Amino acid sequence: MSNVSTQEVQYNKSGQRIVSPDYLLFEAPREKFFMTGSEAVKEAVRRASVDASVSYPITPQSEAAHLIGELWVEGYVGVYFRGESEFGVMSEVAGCALAGARTITTTSGPGTLRAFENFPMWAGTRIPVQLVLMARGVNAPLSIQPDNLEVGFLLDTGCMIWYAENAQDLFDMILAGFVVAEHPSVHVPVITVVDGFFVSHTREAIMLPPDDIALPPYNPYKAPMPVIDLEAPPGRFLRDPFVMKSNYISYATHASWQFEVRAAIERSRPFAKHYLRGLVEEFGNPDADIVFVAAGTAASQAKEAVRLLKDEEGIDAKVVKLKTIRPFPYDELRAAVKNAKYIFVPEFNVAGWLEREVRKALYKYSDAEIIGAPRVAGGMTMPAEVIVSEVLSNLRVK
Amino acid sequence: MSFKVFQINEEFLDVMPKEIVELQENATWGNPKRGVMDLPFHKELIEEHSLCAGCPEAAALRYIMASIPAPEDTVIVNSTGCTSLVFPHIAMHTIHSLFGNQNAVASGIKRVLEYRYPDRVKDVIVLAGDGATVDIGLDCTLQSFFRQEKITTICFDNEVYANTGGQESGMTPKGHVFKMAPKGKQFEKVPMWQLAIDSGCHYVARLTVSSPKRVESVIKKAVYVAREVGPTYIHLYTPCILEIGLNSDQGLEEMRSKDKERFEFFEYVSPQAQEVIEKRKAEGLL
């Protein structure tokens, strides 16, 4: 129907052909590879026209950070260095983003906490930095094992929080993360979470588009705040909420600024829905009255539990996997649990932050019993059998 | 030609505040020979500041703003404290981020600006107090020196946490009584200028702001050396007259007295920095 395209083919700084996010994520032919989650980060960054990345060693995210360094050597990333600490790194990437760069970094566990003061600053400064968080236990006692307690701490920083289940999710989410975070009506940071070790260090099959195509580069002149590159007016500009006065206007400004950051996260919903193919994913019998609400590898284990319950006990169950935690998929979750009698929230942390989120979202929307279990922490695994026995013991009590 | 970002759309000229119009008409853009001698004749880049009357920090800021060789192509990163009260009043691109992370933010900005504009000169200057530079931010300050970031770091040393109400800082001289040091400070003033040299700065100066011309000279040297060689550091004494019990007309006198003591003029120039300074002198820019 359309005439022969006269559109000019464009290339990014690394010489890759620039394609639309939709083409890269949904249309480009994909080939099967076998790789770790860390390697999936590399492959996503390779196709993301990334300008800058700053790294710091901490298990289990170090390999992903090394591999981004290799991309810098190969010419796929413009700026890369090792910072002095996670606090320094998150400030350095803030500087990179303020100067107009598409920026990504990675961290884990205690590193997240060392860096913490930066996350609300990122959001308040309205920079679309992407942090790939490979969740790990938080000290003390010392643990380097998978545990996602730190995600609970991040919920109210003003950053979007997405949760990848596996390497494939992580690859697609990193690419989608830049597109959504940089949308002019959103323009807040995105933290892409994945469970450390379970995903970062585990090889699995992953479908990748060709590596000679990439996302369109970040255009800082579309940002809702002036980029600090001395090319954009106004000439007098303090890149910080201008609240350095003690008066009612400045208090009101500060308050409205923070509300606006939250509103920006809300505005990301339609874009996230499109690029992630929905904010939740359901698995199992859609009408089941036993529902697992989970994120990350807890969702993988819950899927396995659904299979076991069906095959061995003849019980129908389903999983509602949450792909985004901020924005929280209220409508999707409420619709998905409308038949539920029991809602289990399996989690890899001691606090049960996801259970709290689920209870808040379902208050007055569901009569189901919400059970914050099973819950493991500090590197414990969550075998599907443990989930099954949790379900069975709850059913027997009734 | 990025100073065009300071130009006002003609159709808005009649509704713009006078001080903004004056910036376009009478500030010194695009002239590396600008300096403190312009102060009486040209529009300053700093508008009415909000510091205490007679604050030497205000004088320092005025001299620095008048001396920066290319304000239209300079980003200033500052930190929390009295200085951060002034930055909303400065006609430049400035960033306040957190307390103590200023050299880290500046490192990211400088590297990305070099990457995005490889053929252009864009200067990055850090300007922060002694608490931000030496205490809470020492890690980021020194690490940026170790990494040889091409940024100029200016420390306003008032020897106290002034903005929070007068607490002891690492730059307080031993024995001085401040809040949080009710028995007097128990350890020596941190020799930050020496740490800067040992950490790889190519140009280091320590001085009071009693002499505007001297401030102009060190600022220009520091910016030119940072542009071509590596990190530079300027340590300025800007006493908090409020916290040391002086009147608003006594700041200059206080600085002059310290010119002969612990803030005696001191300058370190590395051989590479010396080359840059000689070259700029030959060009008439220093």
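Reader: When does a residue count as buried, and what share of chain A is buried?

Author: A residue is buried if 20 or more other C-beta atoms lie within 10 Å of its own. In this predicted model, 54% of the 398 residues of chain A count as buried.

Reader: What radius of gyration would a compact globule of 398 residues have, and what does chain A have?

Author: The expected value depends on the number of residues. For 398 residues a compact globule would have a radius of gyration near 21 Å, and chain A, with 21 Å, agrees. The C-alpha trace spans about 70 × 60 × 50 Å along its principal axes.

Reader: How many helices and strands are there in chain A?

Author: Chain A has 14 helices and 17 strands. Among contacts between residues at least 6 apart in sequence, 81% join residues at least 24 apart.

Reader: How should one read the crossing of helix H4 and helix H6 of chain A?

Author: Angles under 35 degrees count as roughly parallel. The axes of H4 (residues 86-98) and H6 (residues 118-125) of chain A cross at roughly 10° and come within 10 Å. H4(A) is therefore roughly parallel to H6(A). Residues of H4(A), including Phe87(A) and Leu98(A), meet residues of H6(A), including Met121(A) and Trp122(A). By class, this contact has six nonpolar, three polar and no charged residues.

Reader: How far does helix H11 of chain A reach from its first C-alpha to its last?

Author: The span to expect is reckoned at 1.5 Å a residue; for the 17 residues of H11(A), 297-313, this gives 24 Å, and the helix reaches 23 Å, close to that value. Its buried residues include Thr297(A), Ala305(A) and Leu309(A). Just after H11(A), Gly314(A) takes a positive phi of about 70°.

Key: Residues are numbered from 1 along each chain as its sequence is written. Chains are lettered from A and ligands numbered from 1 in the order in which they are written. This is a predicted model: local features need pLDDT of at least 70, side-chain atom pairs count only at pLDDT 80 or more; totals for chains, interfaces and linings use all residues. Helices (H or I, at least four residues) and strands (E, at least two) are DSSP runs, numbered from the N terminus. The radius of gyration is taken over C-alpha atoms; the globule rule is 2.2 Å times the number of residues to the power 0.38. A residue is buried if 20 or more other C-beta atoms lie within 10 Å of its own, exposed if 12 or fewer, and partly exposed in between; C-beta atoms are placed from the backbone. Two residues are in contact if their C-beta atoms, placed from the backbone, lie within 7 Å. Axes are lines fitted to C-alpha atoms, for helices over the stretch in contact, and angles run from 0 to 180 degrees between N-to-C directions. Angles under 35 degrees count as roughly parallel, over 145 as roughly antiparallel, 65 to 115 as roughly perpendicular and the rest as oblique. Ala, Val, Leu, Ile, Met, Phe, Trp, Tyr, Cys and Pro count as nonpolar, Asp, Glu, Lys and Arg as charged, and the others, Gly among them, as polar. The expected span of a helix is 1.5 Å times one less than its number of residues.
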